[in-house]
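Visitor: I have just opened this one and don't know where to look. Please pick a starting place and walk me through it.

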Amino acid sequence: MSRSALLVLADGRFPAGGHAHSGGAEAAVRAGRITGAASLEDFARGRLHTAGLVSASLAAAAALGVDPSALDAAADARTPSPALRAVARRLGRQLMRAARATWPSPELDAVAAEFPKGMHQPVVLGLLARAAGLGAVDAAYCAAYESVGGPATATVRLLSLDPFDATAVLARLAPELDRVADRAVEAARRVLDDGVEALPAASAPLLEIDAEAHAAWPARLFAS
Amino acid sequence: MNDVSATAGIVACDDGRGGTALPVLESDGPLALRRTRASGSEAHVMLVGAMSGPHGGDRLAVRAEVRRGARLRVGSAAATIALPGQIKGEARYDVRLDVADGGELHWLPEQLISAGGSELYVTTRVDLAGTARLVLREEQVLGRVGEQPGRLTSRLTVRIDGRVLLDQELACGPDAPGGWDGPAVLAGHRAVGQLVIVRPEFAVEPVAARMMGEQAVLVPLAGPGALVTAVAADALRLRQVLDGVLAELD
Amino acid sequence: MHLDHPHDGPSAVSADARRPDGRRRALRIGLGGPVGSGKTATVAALCRALRAELSLAVVTNDIYTREDAEFLLREAVLPPERITAVETGACPHTAIRDDISANLEAVEDLEDAVGPLDLILVESGGDNLTATFSRGLVDAQIFVIDVAGGDDIPRKGGPGVTTADLLVVNKTDLAPYVGSDLGRMASDAKAQRAELPVVFQSLRGEDGVRDVSAWVRARLAAWTACA
């Protein structure tokens with residue numbers, strides 16, 4: 001694997017649309033549940049161990065070469081909110097575009113042609129990791145990190161939170177990110193033998209509920 | 001008390017006279033099943049907990065099979081309380097539900113209460129044929145009044161013709177992965193529930209997503225199903241929300 | 001501006017001039033500029049001026065969701081299916097320059113839904129003087145400033161004023177009231193932009209958008225001639 005390729009892929013400036021999404025932070029801020037660094041940390045930790053773990057496992061499994069359409073269906077079953085399913089597919093399309101420009105590969109072209117409506121973003125992330133010569137661990141790390149990095153950046157904009165405090169939250173979560181990435185890769189390897197049911201299905205009721213409420217707001221800063 | 005291992009089973013089939021027969025109704029250990037008065041073509045069964053289990057180390061299972069064209073409604077007489085066992089260790093409670101084409105199952109148990117110090121892993125797995133119908137309610141209450149909850153992990157999987165429609169796991173209580181009580185997951189709410197409704201006609205005309213108050217939402221799943229996800233301060237308020245949706249969709 | 005290159009993949013990546021089916025895509029023109037300078041009003045006027053002769057669509061990049069899109073809908077400058085809003089996560093300049101993926105989705109979705117299109121106008125969220133469009137997103141860009149924002153803006157320069165394919169100085173009717181010197185603005189703009197064109201306009205007058213729509217027509221003719 002190329003550590004440099006991992007940095008390119010994990011960079012928050014990688015142009016795949018993430019900047020317009022708060023990962024549920026905008027709704028949690030409006031509901032008064034994120035008010036500062038401490039509650040941001042608690043939010044990010046909960047998202048990491050639920051949606052983050054599932055995303056990381058999907059990405060790792062895709063990087064291992066598991067059938068992307070089976071993973072996409074598994075992602076649907078783990079995402080009850082139609083707003084979140086739509087966002088995941090839209091971000092998947094955006095990531096696919098960036099992927100094909102940055103690490104062109106026949107496999108990416110074939111998947112893009114087969115799924116013109118897009119696939120869940122973590123599945124595309126795993127395919128992109130493959131194209132970039134990266135492994136399942138790298139894909140899992142990218143997905144897990146993204147699950148907390150997005151809300152942290154968004155909260156800086158939403159609450160004018162001190163960016164040092166927000167980044168310190170991410171640093172404090174680092175050991176848990178490591179564990180989630182490890183669990184995700186273990187689960188992805190089980191998928192090779194046991195099928196996609198071996199993927200974690202960790203859910204977060206409030207992320208699901210708030211996503212639908214947020215999608216119905218007439219005015220908001222973030223797309224999700 | 002020693003660990004308990006028990007499996008109760010129900011089989012419902014069309015009795016050929018417009019009603020539903022129950023050729024199998026097997027109680028086991030703490031899991032007692034009683035047939036109650038039917039309504040129309042629908043057979044009713046009540047799960048009567050003979051003990052207030054499951055305790056740590058117990059292995060309990062319930063299996064229900066609804067055959068072609070049969071209609072079954074299963075409820076429970078009281079809430080199930082997960083309690084700590086004399087020996088350390090996780091209890092398991094596995095529910096397996098199968099519904100054949102043209103069959104209909106209403107699975108409406110009372111709440112599952114996770115008492116302080118308990119450890120329980122619940123799995124509910126539903127396998128539906130393409131034209132089967134389902135209403136399934138699942139409610140968890142974290143701790144008895146004024147008590148910290150035990151460790152509870154609950155996984156719910158619904159398949160239609162082998163294809164997964166819904167797969168959700170919720171873990172809470174001591175030693176659950178971090179943030180479970182934080183702003184992304186439960187935010188201090190002590191009751192959480194889901195209502196799954198599967199109807200073949202949802203494939204053509206899915207429900208529209210909408211909020212049911214501030215802490216519950218009705219959504220169309222990626223298939224012929226609908227789901228209500230709700231959190232509430234307590235079991236009573238949770239039930240009010242879920243009952244409200246059920247009444248509206250009936 | 002963009003060279004055609006052979007396309008055998010399933011869909012465009014960014015600036016590719018052809019759609020997946022091989023047809024030439026619509027010309028994309030970006031409109032940027034500070035808050036309140038009249039971007040949305042110019043887009044509305046362009047739609048009214050061009051909609052009879054061209055197949056048009058608009059993408060807005062709002063700071064706060066759909067405000068500009070809602071304005072265009074209320075004004076009924078185009079049928080609603082021809083107007084799309086992109087959400088920008090409080091960073092409108094990012095969506096038109098650093099990470100254009102959502103805007104590319106939006107323009108392609110419009111071509112799929114209501115195409116074939118001749119022209120797509122991409123309006124940026126009101127932002128600062130440094131916000132310019134990526135060449136991966138638009139083929140040409142118009143930067144809109146106004147006389148009320150201060151007659152020293154052309155002198156100050158910045159990427160929008162200096163490099164935009166067309167600089168529009170809007171609301172010239174207000175110049176006497178806000179004490180702006182149009183002559184000075186014109187000479188400063190000339191100094192910053194050399195041969196790049198500048199249009200002074202007031203949308204209050206009859207056919208106030210005439211010069212800008214003529215410029216758009218010329219760009220479109222050049223784009224079509226490349227086909």
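Visitor: Which residue does C:Thr60 stand opposite?

Guide: C:Thr60 stands opposite C:Glu123, a residue in E4(C). Before going on, please keep in mind that this is a predicted model, in which local features need pLDDT of at least 70, side-chain atom pairs count only at pLDDT 80 or more, and totals for chains, interfaces and linings use all residues. Residues are numbered from 1 along each chain as its sequence is written, chains are lettered from A and ligands numbered from 1 in the order in which they are written, and side-chain values use heavy atoms, with hydrogens and water left out.

Visitor: OK, so how many bridges join E2 to E4 in chain C?

Guide: Five bridges join strand E2 (residues 56-62) to strand E4 (residues 119-123) of chain C, and the two run parallel. Two strands are said to pair if DSSP finds at least two bridges between them, and the names themselves come from DSSP runs, numbered from the N terminus, with helices (H or I) having at least four residues and strands (E) at least two.

Visitor: What is the order of the strands in that sheet?

Guide: In chain C the order is E3-E2-E4-E1-E5-E6-E7, an open sheet of seven strands with parallel pairing. Its edges are strand E3 (83-87) and strand E7 (198-200) of chain C, each of which pairs on one side only. On average, neighbouring strands of the sheet are turned by 20° against each other, direction ignored, where axes are lines fitted to C-alpha atoms (for helices over the stretch in contact) and angles run from 0 to 180 degrees between N-to-C directions.

Visitor: Which strands does helix H4 of chain C touch?

Guide: Helix H4 (residues 101-114) packs on the sheet and touches strand E1 (27-32), E2, E3 and E4 of chain C, contact being heavy atoms within 4.5 Å. The direction of H4 makes about 155° with that of E2(C). Helix H8 (residues 182-193) of chain C also packs on the sheet, touching strand E5 (140-146), strand E6 (166-170) and E7, and the direction of H8 makes about 165° with that of E7(C).

Visitor: Changing topic, where is C:Pro116?

Guide: C:Pro116 is in the loop between H4 and E4 of chain C, and the peptide bond leading to C:Pro116 from C:Gly115 is cis, with omega near 0°. As background, most peptide bonds are trans, and most residues other than glycine have a negative phi. C:Ala76, in the loop between helix H2 (67-75) and E3 of chain C, has a positive phi of about 55° although it is not a glycine. C:Ala194 has a positive phi as well, near 50°, and sits in the loop between H8 and E7 of chain C.

Visitor: And the chains, which pair has the most contacts?

Guide: Of the two pairs of chains that touch, chains A and B have the most contacts, whereas chain B and chain C do not touch, their nearest C-alpha atoms being 20 Å apart. The contact takes 35 residues from chain B and 31 residues from chain A. Together chain B and chain A bury about 2500 Å², 64% of it on carbon and sulfur atoms, where buried area is the accessible area (1.4 Å probe) that two parts lose on being put together, summed over both.

Visitor: How many salt bridges are there between B and A?

Guide: There are two salt bridges between chain B and chain A, each being a side-chain nitrogen of Lys or Arg within 4 Å of a carboxyl oxygen of Asp or Glu. A:Glu197 forms a salt bridge with B:Arg159, with the closest N and O atoms 2.7 Å apart.

Visitor: What about A with C, how many salt bridges there?

Guide: Between chain A and chain C the count is five salt bridges, and one is where the side chains of C:Asp109 and A:Arg93 meet at 3.8 Å, N to O. On the side of chain A that touches chain C, helix H5 (82-102) and helix H6 (106-114) of chain A each supply at least two residues, and H5(A) gives the most, with five residues.

Visitor: How much area do A and C bury?

Guide: Chain A and chain C bury about 1900 Å² between them, with 52% of it on carbon and sulfur atoms. In chain A, the residues that lose the most area to chain C are A:His19, A:Arg97 and A:Leu221, together 37% of what that side buries.
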